[in-house]
Amino acid sequence: MVPNLLVNLRQIPGVSGLLAPLIGASVVVPVDVDLAQLVPAGTPVAYTYKIASFDGTPISVNFFPAMGLEAGEVAPTVLYGPGMTRPGETNPYATGFVGIGTFRSADYNVVTWDPRGEYASGGLLQLDNPNFEGKDVSSIISWMADQPGVQLDDAVTLDPRLGMVGVSYGGGIQLVAAARDKRIDAIVPGLAWNSLNDALYPRGAFKTAWASLLMLGLVQTGARINPQIYGGIILGDLLGILTQSQRDVLTSSGPGALVDDITVPTLIIQGTVDDLITLDQANTNVEMLADNLDANGNPVPVKMIWFCGGHGVCLDPASPIQNQLLTSETLNWLDRYVKGNSATDTGPTFQWVDQDGQFYASDVMPTDPGFHGTPINSISAGGFMPILPIAGGSGPLGNPLGLENSLPIPTKAQNAINIALTLPAGTTQLVGAPTVTVNYSGLGTSRFVYAQIVDNSTGRVVGNVVTPIPVTLDGQSRHVTVDLEDIAYTAGPGDSLTLQLVASTTPYQSFTSAGVINVSSVEVSLPTVGASVVAVNSAPPVAA
């Protein structure tokens with residue numbers, strides 16, 4: 001505990017200098033290594049190197065050769081981007097579906113890097129902006145093509161045989177880079193967004209908990225970022241709003257409309273309990289990719305997996321096959337579309353896990369109307385609710401996660417209007433976005449109430465997600481219809497769900513909200529699955 005605390009303190013700019021007389025200072029000591037004594041001449045080795053990006057900004061990259069790669073041999077390469085506040089991965093033996101060791105064992109070179117504005121790279125962090133971080137990736141690819149051991153598709157255009165992996169910040173950059181740089185052969189974006197405005201500021205409600213945690217992480221790691229980002233977080237935390245220029249920064253950050261330009265096979269991996277980059281962001285990317293064509297005029301292969309994880313904590317029972325399934329599906333995707341092994345089976349189009357840890361599969365995407373069956377509709381009376389910050393609201397979860405991990409997680413609220421949801425007697429799969437219509441009147445300053453679905457058997461919010469519902473509290477009778485965040489829930493005999501309308505929730509905490517609301521009625525429509533579905537009980541084999 002204490003040694004880890006000292007390490008963290010030494011990494012905080014300013015604090016490390018002030019506390020140096022008490023805790024000591026870190027020292028960088030150069031070490032000379034004679035590679036000729038360690039490996040045969042010409043054998044590819046792992047190393048770190050600083051390249052000059054398109055604008056001269058130094059970007060620190062790490063190269064790891066495929067395991068067993070000998071002098072004169074070549075292998076395809078996986079470009080692996082880190083999450084925000086993280087440096088490029090450097091553990092050559094790390095496992096998992098984004099582990100360096102996983103890909104090296106599968107005969108890929110791996111290249112990681114510190115993103116612009118973080119750790120050993122220069123410049124200012126711009127949130128995966130196509131004109132900055134996107135161009136950095138193109139510079140890395142051009143450099144990569146000149147390295148020994150890298151398989152090339154075209155030496156003249158500096159085109160390596162290349163796939164990309166990574167989650168969160170490392171997922172968003174894949175969509176940006178693949179849209180702009182056609183040398184990339186396949187991508188596996190995990191926990192990636194389409195629009196940061198929709199992800200961080202949905203319907204004009206600011207995600208205060210996640211924004212605060214991201215800012216804390218950037219400050220602790222000494223990141224150098226676009227100052228408008230800090231300004232936006234502070235304004236959003238204090239008043240719950242962003243200026244137009246701050247929204248413009250979010251609009252320019254990440255893929256957005258660029259997804260229409262992606263022409264390579266794309267495997268999207270998203271978390272069912274991700275309350276930062278929610279499932280609707282993945283669905284938006286899938287919808288945009290649906291009409292895309294590859295370089296030969298054929299539909300772009302697209303696959304999606306929903307797993308229990310992401311930006312957040314999986315509180316549901318763990319699936320015994322989840323980690324292996326994600327790893328196998330990732331490797332099979334790269335084997336098929338980077339290595340070009342046409343015999344490799346990439347499996348069903350869509351796979352998801354429910355609250356019991358059971359995976360299911362369908363060859364129809366949830367964005368296709370043919371996926372859904374007849375919705376379960378109900379209408380109920382509402383009730384009266386005072387609107388106050390924090391008191392009786394939803395979240396934080398608290399023990400055993402601690403404040404940092406639980407702050408963005410909603411919980412069953414005490415100050416709430418509770419609507420019992422009608423479920424059929426048998427087993428029904430609820431996959432997609434429930435729709436809620438609220439008829440109401442009220443007075444106050446609050447611009448939102450929030451909706452969440454509670455599993456009565458566990459007392460937990462389904463998917464750990466809560467949705468802002470915009471309201472106008474001017475004394476007039478009004479109604480609003482909103483699609484809630486997507487869920488993946490299997491309702492069995494004896495299960496019951498409750499829709500809660502809550503006055504406050506820590507993921508969107510606003511200290512300027514006050515008032516009263518009187519809800520006269522609430523209409524709810526729950527999405528069901530109508531497509532052919534298969535239960536998945538084992539991970540697919542990895543292509544040899």
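1. Start with helix H10, residues 244-251, and what lies over it in this predicted model. Its buried residues are covered by, among others, helix H7 (196-200) and helix H9 (227-239). The buried residues themselves are Gln246, Val249 and Leu250. Look down the axis of H10 and they fall within an arc of 100°, so they line one face of the helix. That fits a general point: an α-helix has 3.6 residues a turn, so residues three or four places apart point the same way.

2. Now step back to the whole chain. It splits into domain 1 (1-31), domain 2 (35-195 + 254-369) and domain 3 (375-526). Note that domain 2 is written as two stretches. Between the centres of domain 1 and domain 2, taken over C-alpha atoms, you'll find 33 Å.

3. The next thing to trace is an open sheet of eleven strands with mixed pairing. Follow it in the order S1-S2-S4-S3-S7-S8-S9-S10-S11-S12-S24. Strand S1 (47-52) and strand S24 (534-536) are the edges, each pairing on one side only. From one strand to the next, the twist averages 20°.

4. For a closer look at one edge, take S1 with strand S2 (residues 58-64). The two pair in the antiparallel sense over six bridges. One pair to pick out on screen: lysine 50 has serine 60, in S2, as its bridge partner.

5. Which strands does helix H6 (residues 169-180) touch as it packs on the sheet? They are strand S4 (109-113), strand S7 (162-167) and strand S8 (186-190), and the direction of H6 makes about 145° with that of S7. Helix H12 (residues 322-337) lies across S3, S7, S8, S9, S10, S11, S12 and S24. With S10 (302-307), H12 makes an angle of about 165°.

6. H6 also has a helix partner. Helix H5 (residues 133-144) packs with H6 at an angle of about 80°, their axes 9 Å apart. Angles of 65 to 115 degrees count as roughly perpendicular, so that is the word for H5 and H6. At the contact, Glu133, Gly134 and Val137 of H5 meet Tyr169, Ile173, Val176 and Ala177 of H6.

7. Last, have a look at strand S15 (residues 428-432). How many of its five residues are buried? Five, so to speak the full count: S15 is described as mostly covered. S15 pairs with strand S21 (residues 487-491) in the antiparallel sense, over five bridges. Within that pairing, glutamine 429 stands opposite threonine 490 in S21.

Definitions and conventions:
Residues are numbered from 1 along each chain as its sequence is written. This is a predicted model: local features need pLDDT of at least 70, side-chain atom pairs count only at pLDDT 80 or more; totals for chains, interfaces and linings use all residues. Side-chain values use heavy atoms; hydrogens and water are left out. Domain bounds come from an automatic or database domain assignment. Buried means under 20% relative accessible area, exposed over 50%, partly exposed in between (1.4 Å probe, protein chains only). Helices (H or I, at least four residues) and strands (E, at least two) are DSSP runs, numbered from the N terminus. The arc is that of the directions from the helix axis to the C-beta atoms. Contact means heavy atoms within 4.5 Å. Two strands pair if DSSP finds at least two bridges between them. Axes are lines fitted to C-alpha atoms, for helices over the stretch in contact, and angles run from 0 to 180 degrees between N-to-C directions. Angles under 35 degrees count as roughly parallel, over 145 as roughly antiparallel, 65 to 115 as roughly perpendicular and the rest as oblique.
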